[in-house]
Amino acid sequence: MTTRIQIISRYAPAPNRSGPLTYLFDLMAHLAAHGFALELVVLDPWFDEKRFDAAVRNIASLAIMRLETLTAQKKAFSLK
């Protein structure tokens with residue numbers, strides 16, 4: 001049985017880039033190398049999925065929280 005991990009981040013990981021992007025990628029690569037199944041949810045509604053590095057696509061399934069989704073959730077949980 002494979003252990004699944006869902007990672008929710010404001011950052012889109014990328015190898016050999018700035019600090020938090022590379023740190024997240026290295027963490028994900030380490031987990032994937034040890035048999036974990038990864039799902040990455042990026043909380044950036046304007047991020048284009050085509051910009052994900054191929055190395056990231058190889059180690060995780062990807063999802064992006066779109067603006068419509070975030071707006072709907074905000075309305076659903078707003079206190080009036």
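**A parallel three-stranded sheet and its helices**

In this predicted model, strands β1 and β2 run parallel to each other and are joined over six bridges. One of the facing pairs puts I5 opposite L38 of β2. On to the next pairing: β2 and β3 are also parallel, this time over five bridges, and here V42 has I64 of β3 as its bridge partner. Put together, the three strands make an open sheet in the order β1-β2-β3, with parallel pairing. β1 and β3 sit at the edges with a single partner strand each, so one side of each has no neighbour in the sheet. From one strand to the next, the twist averages 20 degrees. As for β2, this strand is mostly covered, with five of its six residues buried.

Stepping back to the whole chain, the protein has three helices and three strands. Starting at the N terminus, they follow one another as β-α-β-α-β-α. The chain has 80 residues, and 30% of them are buried. Of the contacts with a separation of 6 or more, 46% link residues 24 or more positions apart. The surface exposed by the protein comes to about 5,800 Å², and carbon and sulfur atoms supply 55% of that.

Now for the inside. The largest nonpolar core holds 15 residues, and those with the most contacts inside it are I7, M28, L38, L40, F52 and A60. At least two core residues come from each of α1, β2 (37-42), α2 (54-59) and β3 (60-64). The top contributor is α1, which gives four residues. F52 is worth a look in its own right: leaving out residues up to four places away in sequence, F52 touches A12, P13, L40, V42, F47, R57, L62 and I64.

Helix α1 can be checked for length. Its 15 residues, at 1.5 Å a residue, should span 21 Å, and the end C-alpha atoms are indeed 21 Å apart, so the two agree. Which residues of α1 are buried? They are T22, L24, F25, M28 and L31. A bit of helix geometry helps here: an α-helix has 3.6 residues a turn, so residues three or four places apart point the same way. The cover over the buried residues of α1 includes β1, β2, α2 and β3.

T22, in helix α1, has a relative accessible area of 10% or more but still counts as buried, because its value of 16% falls under the 20% cut-off. Beyond its neighbours within four places in sequence, T22 is in contact with A14, P15, N16 and R17. One of these, N16, belongs to the loop between β1 and α1. Is N16 buried or exposed? N16 is exposed, with a relative accessible area of 73%, which puts this residue over the 50% cut-off. The backbone of N16 also stands out, with a positive phi near 60 degrees in a residue other than glycine. Another positive phi turns up just after α1, where G35 takes a value of about 90 degrees.

The loop between β1 and α1 (19-33) also holds A12. Unlike N16, which is exposed, A12 is buried, at a relative accessible area of 14%. What does A12 touch, not counting residues up to four places away in sequence? The partners are L21, V42, F47 and F52. A12 and D44 are 32 residues apart along the chain, yet their C-alpha atoms are separated by 8.5 Å.

Finally, S9 is found in strand β1 (residues 4-9). S9 is buried as well, with a relative accessible area of 10%, which is under the 20% cut-off. Not counting residues up to four places away in sequence, S9 touches L24, L40, V41, V42 and L43. Among these partners, L24 is one of the buried residues of α1.

Notes
Residues are numbered from 1 along each chain as its sequence is written. This is a predicted model: local features need pLDDT of at least 70, side-chain atom pairs count only at pLDDT 80 or more; totals for chains, interfaces and linings use all residues. Side-chain values use heavy atoms; hydrogens and water are left out. Buried means under 20% relative accessible area, exposed over 50%, partly exposed in between (1.4 Å probe, protein chains only). Contact means heavy atoms within 4.5 Å. Accessible areas come from the Shrake-Rupley method with a 1.4 Å probe; for residues, only the protein chains shown count as cover. A nonpolar core is a set of buried Ala, Val, Leu, Ile, Met, Phe, Trp, Tyr and Cys residues joined through side-chain atoms within 4.5 Å. The expected span of a helix is 1.5 Å times one less than its number of residues. Two strands pair if DSSP finds at least two bridges between them. Axes are lines fitted to C-alpha atoms, for helices over the stretch in contact, and angles run from 0 to 180 degrees between N-to-C directions.
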